[in-house]
Amino acid sequence: MRRGTFRDETVDYAAVGATQAPDLMQYPPERSRPAQESWRLGSGEDRFRTASEAVLSWRAQRDGGLAVTDVRPASGPMYSGVSFDAEGTPIAPSKLEADQRFDADGTPWVSSGATIRIRGRVKGLKAGGEMRVIQAIEEPRRVGFLLGTVSDAVVSGEESFIIDWYENDEVWFTVRAFDAPRSFVYKAMPWLVPRRRKALFQRYLRAISPLYAAR
């Protein structure tokens with residue numbers, strides 16, 4: 001697990017890494033709304049590898065109708081991000097070096113500490129802003145990343161995109177998030193926040209799993 005040292009701006013919320021907290025749905029960060037959804041992608045190592053590559057190459061966002069631009073990998077040494085043991089206790093990070101990979105069009109893959117810009121619309125309203133990869137996870141049976149808001153977003157918070165290959169050979173894609181309204185529209189109509197989140201989750205799941213699109 002890797003996370004880049006924050007450079008330039010920091011994220012605009014305090015509960016960094018909270019999408020990985022076991023009790024997120026029961027105790028979300030203050031003033032935010034939590035959300036979570038999981039979908040079975042299939043079984044086996046090949047499915048796990050394919051789904052992992054899709055997630056790390058921004059397929060959930062891009063194939064979900066959002067533009068990913070201005071990807072700026074972090075420079076210098078990486079360090080592992082926030083993780084938790086079975087009791088929910090944070091595990092201390094350790095310094096690591098990260099290899100950078102690129103998509104066919106030259107766009108860098110997900111990497112710890114990278115800053116990106118996302119643009120798009122959800123339910124007719126703006127989605128996106130400047131985001132930071134808080135943590136990139138690459139383990140033998142678990143791959144994914146955490147993405148936090150930096151600036152220009154209509155909500156403040158974090159998303160996580162995780163592929164798990166369980167001991168029963170099943171492969172699952174789980175998206176988790178917490179959002180607090182920042183724009184006037186979402187503060188005035190807070191019920192739009194969970195509506196927006198539900199629509200985004202559906203896009204992400206359809207992008208990674210063709211079976212989800214047929215549900």
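**View 1. Asp12 and Arg182 meet through their side chains in a salt bridge, 3.6 Å from N to O.** The model is a predicted one. Asp12 sits in the loop between β1 (3-4) and β2 (33-43), and Arg182 in the loop between β12 (170-181) and α3, so this pair ties together parts 170 residues apart in sequence. Asp12 is partly exposed, at 28% relative accessible area. Arg182 is also partly exposed, at 37%. The structure as a whole holds 13 salt bridges.

**View 2. A network of salt bridges links Asp70, Arg72, Arg117, Glu130 and Asp152.** Two of its pairs are described here, and Arg72 takes part in each. With Asp70, the closest N and O atoms of Arg72 are 3.5 Å apart. With Glu130, the corresponding separation is 2.3 Å. Arg72 belongs to strand β3 (residues 67-72) and Glu130 to strand β9 (residues 125-139), so their salt bridge ties together parts 58 residues apart in sequence. Burial varies along these pairs. Asp70 is partly exposed at 45% relative accessibility. Arg72 is partly exposed at 25%. Glu130 has a relative accessible area of 7%; the cut-off for buried is under 20%, so Glu130 counts as buried.

**View 3. Phe161 and Tyr204 form an edge-to-face ring pair.** The model contains five aromatic pairs. In this one the ring centres are 4.9 Å apart and the planes meet at 75°; edge-to-face requires over 60 degrees, so the pair qualifies. Phe161 lies in strand β11 (residues 155-165) and Tyr204 in helix α4 (residues 192-208), so the contact between rings ties a strand to a helix across 43 residues of sequence. Phe161 is buried, with 0% relative accessibility. Tyr204 is buried too, at 3%. Ring pairs extend the group: Trp58, Phe145, Phe161 and Tyr204 make up a cluster.

**View 4. The charged end of Arg141 sits over the ring of Trp165.** The distance to the ring centre is 3.9 Å.

**View 5. Ser111 is a buried residue in a loop.** The loop runs between β7 (95-96) and β8 (115-122). Relative accessibility at Ser111 is 9%, under the 20% cut-off, so the residue counts as buried. Beyond its neighbours within four places in sequence, Ser111 is in contact with Pro73, Gln100, Val133 and Ala136.

**View 6. Tyr186 is buried in helix α3.** Its relative accessibility is 2%. Setting aside residues up to four places away in sequence, Tyr186 touches Leu125, Lys126, Val154, Pro181, Leu192, Val193 and Arg196. One of these partners, Arg196, is ten residues along the chain from Tyr186, with 9.8 Å between the C-alpha atoms.

**View 7. Phe184, Val185, Met189 and Trp191 form a nonpolar patch on the surface.** Together the four residues have about 440 Å² of accessible area. Val185 lies in helix α3 (residues 184-188). Val185 is partly exposed, with a relative accessible area of 31%. Tyr186, in helix α3 as well, is buried.

**View 8. The whole chain, for context, has five helices and twelve strands.** Of its 215 residues, 49% count as buried. Among contacts with a separation of 6 or more, 67% come from residues 24 or more positions apart. The chain exposes about 10,300 Å², and carbon and sulfur atoms supply 52% of that area.

Notes: Residues numbered from 1 in each chain as written. Predicted model: local features only at pLDDT ≥ 70, side-chain atom pairs only at ≥ 80, totals over all residues. Heavy atoms only, no water. Phe/Tyr/Trp six-rings, centres within 6.5 Å; stacked < 30°, edge-to-face > 60°. Helix = DSSP H or I, 4+ residues; strand = E, 2+ residues; numbered from the N terminus. Buried < 20%, exposed > 50% of the residue type's maximum accessible area, 1.4 Å probe, protein only. Lys NZ or Arg CZ within 6 Å of the ring centre and 35° of its normal. Contact = heavy atoms within 4.5 Å. Patch = residues over 30% accessible without salt bridge, like charges linked within 9 Å, V, L, I, M, F, W, Y side chains within 5 Å. Areas by Shrake-Rupley, 256 points an atom, 1.4 Å probe, with all protein chains shown as cover.
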